[in-house]
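Visitor: I am new to this structure, and I would like to hear how the words used for it are justified. Could you take me through them with care?

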Amino acid sequence: IALVIFALYIVKCFVPIISVPAICLLSGMVFPTAIALVVNFTGCFIMMTVKYKIGSAYGGGRAKSVLYRNELARTLIEHNGTGNPWLLLTFRIIPSFPINPVSQLYGSLDFSYTKYIGISMLGFAPRLLSYTFIGSSVFDPLSFRFFLPIIILCGISGASILIVNAIINYMQNNSRKDT
């Protein structure tokens, strides 16, 4: 079963047929929690590494072209020409940012792989833990063990979105003052 889940993570690199939360939930449902966490962290590590290497070999793809149309987005991402580590952490914490395009983008920026994978795994950990714990308690949906990870996930996501909004507003106000 673990090999099938790893295969799903690898397929996810190329074809978005299944979401990472669904894979984490599946793993949490079929394995004891500790094993599910190891499987999910390993799978995400593999998935992020593959997309990073694709980005470093072939470029940032559509994500880079879309983001570079906006001067503010380019300024935020390019932090000293090699990628903004704080923005990467934010991309990993907020669930609405897709994993694979961000990985490919940072690979294309020649961002240090060691820093990239460390920051990515750290930022993605709250989501990965929450999804796995939800999967492990999915058969008891009225329990505290089921709802607590959902509450934590929503709290972290909401706080992250508010912080990003404040940073963007701050940068936009500073750019208006400069002109």
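**Reasons behind the words**

Guide: In this predicted model, the residues that line the largest pocket divide into 19 nonpolar, 4 polar and no charged.

Visitor: Which parts of the chain supply the lining of the largest pocket, and which residues lie nearest its centre?

Guide: The lining of this pocket, which holds about 500 Å³ of space, comprises 23 residues, and Leu76, Leu87, Thr90, Val164 and Ile167 lie nearest the centre. Helix H5 (71-78), helix H6 (85-93) and helix H9 (144-178) each supply at least two residues of the lining, and H9 gives the most, with 8 residues.

Visitor: Why is Leu76 counted as nonpolar and Thr90 as polar?

Guide: Leu is on the list of nonpolar residue types, whereas Thr is on neither that list nor the charged one, and therefore counts as polar.

Visitor: Why is phenylalanine 31 called buried?

Guide: Phenylalanine 31 has a relative accessibility of 18%, and because buried means under 20%, the word applies. This residue is found in the loop between H2 and helix H3 (33-58), and its C-alpha is 9.8 Å in space from that of threonine 132, although the two are 101 residues apart in sequence.

Visitor: Why is methionine 29 called partly exposed?

Guide: Methionine 29, which is found in helix H2 (residues 20-30), has a relative accessibility of 37%, and since buried means under 20% and exposed means over 50%, this value falls in between, so the residue counts as partly exposed.

Visitor: What makes methionine 29 eligible for a nonpolar patch on the surface?

Guide: A patch takes residues with over 30% relative accessible area and no salt bridge, and the 37% of methionine 29 is therefore over that cut-off. Together with Ile1, Leu26, Val30 and Phe139, Met29 forms a nonpolar patch with about 500 Å² of accessible area.

Visitor: Why is aspartate 110 called exposed?

Guide: The relative accessible area of aspartate 110 is 60%, and because exposed means over 50%, the residue meets the cut-off. Aspartate 110 is found in the loop between helix H7 (99-108) and helix H8 (113-136), and it has a positive phi of about 55° although it is not a glycine.

Visitor: What makes helix H7 mostly covered?

Guide: Of the 10 residues of H7, 9 are buried, among them Ile99, Val102, Leu105 and Tyr106, and each of these is therefore under 20% relative accessible area. Just after this mostly covered helix, the chain reaches aspartate 110 with its positive phi, a residue that is exposed.

Notes
Residues are numbered from 1 along each chain as its sequence is written. This is a predicted model: local features need pLDDT of at least 70, side-chain atom pairs count only at pLDDT 80 or more; totals for chains, interfaces and linings use all residues. Side-chain values use heavy atoms; hydrogens and water are left out. On a 1 Å grid over the protein atoms alone, a cavity is a set of points where a 1.4 Å probe fits but cannot get out, and a pocket is an open set with protein on both sides within 12 Å along at least five of seven lines; lining residues have an atom within 4 Å of a point. Grid points are joined across faces, edges and corners, and a volume is the space filled by probe spheres set on the points. Helices (H or I, at least four residues) and strands (E, at least two) are DSSP runs, numbered from the N terminus. Buried means under 20% relative accessible area, exposed over 50%, partly exposed in between (1.4 Å probe, protein chains only). Patches are made of residues with over 30% relative accessible area and no salt bridge: like charges are joined within 9 Å, nonpolar side chains (Val, Leu, Ile, Met, Phe, Trp, Tyr) within 5 Å. Accessible areas come from the Shrake-Rupley method with a 1.4 Å probe; for residues, only the protein chains shown count as cover. A salt bridge is a side-chain nitrogen of Lys or Arg within 4 Å of a carboxyl oxygen of Asp or Glu.
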